[in-house]
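Reader: Please choose one part of this structure and take me through it slowly, explaining how it is connected to what surrounds it. I am in my first year, so I would rather follow one part carefully than hear a little about everything.

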Amino acid sequence: MALSARLLTLRNSPVLLKLPPYLSALCIVIGIAWLFILPLNEYSRQTYVSENAILPGQVHTYFGGSEHNVFRAYRQEVYQISQVSETDRLAALENVLREIGLKVAAQPYRFTVAGEDVEGANVYGLLRGPRADATEAMVLMAAWRNFEGEINYSGLALALTLARYFKRWSIWSKDIILLIPADSTYGPEAWVSAYHSTAPDITATRNVSSLPIKAGALQAAVALDYPVGPWGHRFDKLDILYDGINGALPNLDLLNTAVAVASGQMGIGCSIHSMLSHSDSYRDRLTTLAKGVVTQSAGQATGPHSAFVPYHVDAITLKTVGDAWHDEMSLGRTTESLFRSINNLLEHLHQSFFFYILLNANRFASIGNYLPAAMLLAGSFTVTALALWVQSGQVAVQSATKIGGTETRDVQPELEVAKIGDAVALVPAATTKPAEREMLLPAAVVLAVHLASFLPLYSLNSLHRQYLPTALQATTATSLLLPALTSTALTRRFKISKQQIQIMQSFSLLLLGTSLARLATLNFSLAFVVGVLASPLSFVRPLPGPTAALPTVLGKVGREYRYGLQVTIGLAATVLYTATSPPVVLYALCWYFSQDVGGLLLEMAKGWSVQGVYTSFVIWAVWWPAWVVGGIALFSGGGQR
């Protein structure tokens, strides 16, 4: 009974309406802090192989000896091929694959993106497994040019040597495809999309030829990145690249197998995100985590393996880094052992994690540990949206008239009897009363802003590359002016009320929160980054008008310097609001990472058009509309009373 009475006393308490901003801020602080506890041992764990059939490092590798001479011969041949024209290069590569004994085919492709043609041709060969039934296949990749644009001399030569070596073995229960794409981004995308398509649609912007030769379902893909010239060069470690398109990740068992084979069997150190000197300290773990979040949130390809991951083909890239005593034979034996482990699989990799964050090559945080960080950020917007919705359904009740000459502080609050069931309590009288909500105008504004978001989304992904920086400048100028102009029109022409502003903000923040919550299950890093950058929107409220009362804590000073304080508050709020706009944040990120704005926009346009990267959509169709609606509320002055 006592508990029920206490709950009744809180029902009309004004304190409840003051809690949401603090609760929202608490969600943001805890969400950000959550990421900082993940490197601790209590919130992460050692990697392990879940699939027993893989048996990593349990076989004796025979690659070596005379194969070293074959490798050096192929490396010289690749160097000679690099000196001829592209047509002659393709013919020479096809001839080499035929000499090995593979079924050879070529696939030309062309993409037209931002007025620029991205074209090339993929060469690939098929090795039928002696024990295979053409239902499963593995892919060995060596792009002609790696992700940095360097010719992959040793990587391609090693792939050719391994194909020749694999041809002599009768142990393969899966077919092996040797793929030589023209580059490390669009060639693999063209090949894997055609592989999984029965009748690819050829359009003006996407001209991808079908594949004349196919095998079974792709079980895994391994790419070699070893851009060493014809005279060779030793390496120190293997940097394992694993991020796929839109932050998709391969099964963790594939990474664990590669690390177990390289480190445990071959004695080659492995690194993640180019962290070559990882001491397994908290700082190094946090740095690796931060690099992983940035890479995954971008959603772009990080190597030739990235195009395979969205097709549920587990893929990684083995990239040689550093200068030490490991040579091509070490990498060859690592690749052989890795392929023999994949060959042991009886079914597709499925037992280990598909959602994880690596802290080093041997430690990770699973989705159950890191997902609350993004969910708390998304929840902060939902809390504010619900609070604004509740406030919009209430209007203030006229306060009691003072008696005699008594001061306000002497007036006792009115009380009323509240009864729910058997519980009865004497509670303060309600200071607000229910009001009918006018939702047509707020809903129309939110819908119009979201429809307008497709203008920057279209222009920044469709214009010619030379106009992309200009388009971003125009988008920036429009974005900064649109909220103020729209709020002026709504205030003067449509006489928007305070209630309608609250409903408008509620709709916008609710859409933002639910969108980020859904996105967090697909691309945690992108949802987390956007949530952090958009977090100030939870605290945007209309700037005080000329006749608005200032906080009582300012006392006499506030009354004397009313105009100056209002100008200062308005200027500070405008500067902070402008600094958190999506276009300004893009410029700031380009400056911080020393990235050319035009180059970044071009890569985003290519990713959107060719690989279906939805980072641009999240920026312009999810974050930008919420920012604009927040600005409309900020500059509205509170609307009509």
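Author: In this predicted model, let us begin with two neighbouring strands: β4 and strand β5, residues 175–180, pair in the parallel sense over five bridges. One place to find this pairing is Leu140, whose bridge partner in β5 is Leu178. To get from β4 to β5 the chain passes through helix α5, residues 153–167, and this β-α-β crossover is right-handed.

β4 also pairs with strand β7, residues 217–225, and here six bridges join the two strands, which again run parallel. Within this pairing, Val139 of β4 stands opposite Ala221 of β7.

With these two partners in view, we can ask how far β4 itself, residues 136–141, is enclosed. Six of its six residues are buried, so the strand is largely enclosed by the rest of the structure. It helps to look at the two faces separately, because in a regular strand the side chains alternate between the two faces of the sheet. In β4, Glu136, Met138 and Leu140 lie on one side, Ala137, Val139 and Met141 lie on the other, and all of these are buried, which leaves both faces covered.

Val139 deserves a second look, since it leads us from the strand into the interior. In soluble globular proteins, nonpolar side chains tend to be buried together. Here the largest nonpolar core has 98 residues, and Val139 is among those with the most contacts inside it, together with Phe111, Ile177, Trp191, Leu218, Phe308 and Phe524. The element that gives the most to this core is helix α20, residues 615–634, with 13 residues. Another core, of 70 residues, lies apart from it and includes Leu224, Val228, Ile316 and Phe353. Returning to Val139, we find it touching Trp191, a residue whose other contacts include Gln107, Asn122, Tyr124, Ile177, Leu218 and Phe308, when residues up to four places away in sequence are not counted.

Charged side chains make further links around β4 and the helix that follows. Side chains of opposite charge can pair when their charged atoms come close. After β4, in the loop that leads to α5, sits Glu148, and its side chain meets that of Lys319 in a salt bridge, at 3.2 Å from N to O. Because Lys319 belongs to strand β10, residues 314–326, this pair ties together parts that are 171 residues apart in sequence. Glu148 itself is partly exposed, with a relative accessible area of 48%.

The helix of the crossover has a link of this kind as well, for Arg164 forms a salt bridge with Glu67, and their closest N and O atoms are 3.8 Å apart. Arg164 lies in α5 whereas Glu67 lies in helix α3, residues 66–81, so the pair ties together parts that are 97 residues apart in sequence. The two ends of this salt bridge are not equally accessible: Arg164 is partly exposed, at 33% relative accessible area, while Glu67, at 3%, counts as buried.

Taken as a whole, then, β4 is a buried strand that pairs with β5 and with β7, and it supplies Val139 to the largest nonpolar core.

Key
Residues are numbered from 1 along each chain as its sequence is written. This is a predicted model: local features need pLDDT of at least 70, side-chain atom pairs count only at pLDDT 80 or more; totals for chains, interfaces and linings use all residues. Side-chain values use heavy atoms; hydrogens and water are left out. Buried means under 20% relative accessible area, exposed over 50%, partly exposed in between (1.4 Å probe, protein chains only). Helices (H or I, at least four residues) and strands (E, at least two) are DSSP runs, numbered from the N terminus. Two strands pair if DSSP finds at least two bridges between them. A crossover is right-handed if, with the strands pointing away from the viewer, the path from the first strand over the helix to the second runs clockwise. A nonpolar core is a set of buried Ala, Val, Leu, Ile, Met, Phe, Trp, Tyr and Cys residues joined through side-chain atoms within 4.5 Å. Contact means heavy atoms within 4.5 Å. A salt bridge is a side-chain nitrogen of Lys or Arg within 4 Å of a carboxyl oxygen of Asp or Glu.
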